[in-house]
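Q: Please take a close look at one part of this model and describe how that part is placed and what surrounds it. A connected account is preferred to a list.

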Amino acid sequence: MGRRYDSEKSRKDIMEHAFSLFSQHGYAQTSVGDISKASGYSKGHIYYHFINKEKLFVLLAQNTMKEWHEKWLQKERNYRSAKEKLFGIADHVLYNYQTPLLKAGQELASNPHSTPESIKQLYELAIVPMSVYKKILQEGMDQGEFKKEDIEKLTTLLGAWLGGLCQLTNTQELSTLEPLFKKAITIFYESMKK
């Protein structure tokens, strides 16, 4: 009897090889042909599962953000207060910002030939960390740790602050940035505490 085709295994294999290639070579320098060669599946097989390279990349980016969130949920259990979570999320952001697909995603987002839908899906990934920030801030307000303020504005400020600091991860060692992230959260916390 011939081997039974395992569609899910094929899809997973293709995704793993594509992830590796995008991480190493970037978006533009990785072709469907490269993914085909690395994975051992034909181009037609890849197109059957993913429509095109862009859709495959967006799916990988979405999975990466899902993993980022799952890691945070594991860590979050170790913190008892919203204040502890605020410092914890800053640490999590610092050490988990530079994902292997980050530069390739920036490359895809700035490519004039990328579809608006894919660019929108990449930008929507920011909703995940922003929802974490909002949840922490809301918890702090609900528990009486933080002053009641406009949650949307505070979430935007926290996201912008941490996002801006994350740009330093391109040029500096992460461990040297820890005090800066802690100082930023201390200032943020001091302005909100009751």
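A: The account below starts from the whole chain, stays mainly with helix 5 (residues 82–96), and ends with some sites elsewhere.

The model is predicted. Its protein chain contains 10 helices and 0 strands, so the order of elements from the N terminus is α-α-α-α-α-α-α-α-α-α. The C-alpha trace spans about 70 × 40 × 30 Å along its principal axes. Of the 194 residues in the protein chain, 40% count as buried. Among contacts with a separation of 6 or more, 68% are between residues 24 or more positions apart.

Helix 5 has 15 residues, and the distance from its first C-alpha to its last is 20 Å, close to the 21 Å expected at 1.5 Å a residue. The buried residues of helix 5 are Ala82, Lys85, Leu86, Gly88, Ile89, Ala90, His92, Val93, Leu94 and Asn96. Lys85 and His92 are thus listed as buried along with residues such as Leu86 and Val93. An α-helix has 3.6 residues a turn, so residues three or four places apart point the same way. The buried residues of helix 5 pack against four other helices, namely helix 4, helix 8 (127–142), helix 9 (151–166) and helix 10.

Two of these buried residues can be followed in detail. Ile89, in helix 5, counts as buried because its relative accessibility is 0%, and the cut-off for buried is under 20%. Beyond residues up to four places away in sequence, Ile89 touches Trp68, Trp72, Val132, Tyr133 and Ile136. One of these partners, Ile136, is 47 residues from Ile89 in sequence, and the two C-alpha atoms are 9.0 Å apart in space. Trp68 and Trp72 fall within helix 4 (residues 53–76), while Val132, Tyr133 and Ile136 fall within helix 8 (127–142).

Leu94 also belongs to helix 5 and is buried, with a relative accessible area of 1%. With residues up to four places away left out, the residues touched by Leu94 are Thr169, Leu174, Leu177, Glu178 and Phe181. In the other direction along the chain, Gly44 is 50 residues from Leu94, and their C-alpha atoms are separated by 40 Å.

Leu174, Leu177, Glu178 and Phe181 appear again in the packing of helix 5 with helix 10. Two packed helices are described by the angle between their axes and the distance between the axes. For helix 5 and helix 10 (residues 174–192), the angle is about 150° and the axes lie 10 Å apart. Their crossing is right-handed. On the side of helix 5, the contact is made by Lys83, Leu86, Phe87, Ala90, Asp91, Leu94 and Tyr95. Helix 10 contributes Leu174, Ser175, Leu177, Glu178, Phe181, Lys182, Ile185, Thr186, Phe188, Tyr189 and Met192. Sorted by class, the residues of this contact are 12 nonpolar, 2 polar and 4 charged.

Helix 4, one of the packing partners of helix 5, has 24 residues that should span 34 Å at 1.5 Å a residue, and its end C-alpha atoms are 35 Å apart, which agrees. Its N-terminal end is capped by Asn52, which places a side-chain oxygen 3.1 Å from the backbone nitrogen of Glu54. Ile51 lies in the loop between helix 3 (43–50) and helix 4. Most residues other than glycine have a negative phi, and most peptide bonds are trans. Ile51 has a positive phi of about 70° although it is not a glycine. With a relative accessibility of 61%, Ile51 counts as exposed, since the cut-off for exposed is over 50%.

Two further buried residues lie outside helix 5. Ser36 is in helix 2 (residues 32–39), and its relative accessible area of 14% makes it buried. Apart from neighbours within four places in sequence, Ser36 is in contact with Tyr41, Ser42, Lys43 and Ile46. Ile119, in helix 7 (residues 116–123), is buried with a relative accessible area of 18%. Its contacts, neighbours within four places again excluded, are Leu108, Ala109, Asn111 and Ser114. Ile119 is 14 residues from Gly105 in sequence, with 9.1 Å between the two C-alpha atoms.

Methods. Residues numbered from 1 in each chain as written. Predicted model: local features only at pLDDT ≥ 70, side-chain atom pairs only at ≥ 80, totals over all residues. Heavy atoms only, no water. Axes fitted to C-alpha atoms, helices over the stretch in contact; angles between N-to-C directions. Helix = DSSP H or I, 4+ residues; strand = E, 2+ residues; numbered from the N terminus. Left-handed = near helix turned anticlockwise from the far one by under 90°. Contact = heavy atoms within 4.5 Å. Nonpolar A, V, L, I, M, F, W, Y, C, P; charged D, E, K, R; others polar. Expected span 1.5 Å × (residues − 1). Polar contact = N/O pair within 3.5 Å; in protein donor to acceptor, adjacent residues only side chain to side chain. Buried < 20%, exposed > 50% of the residue type's maximum accessible area, 1.4 Å probe, protein only.
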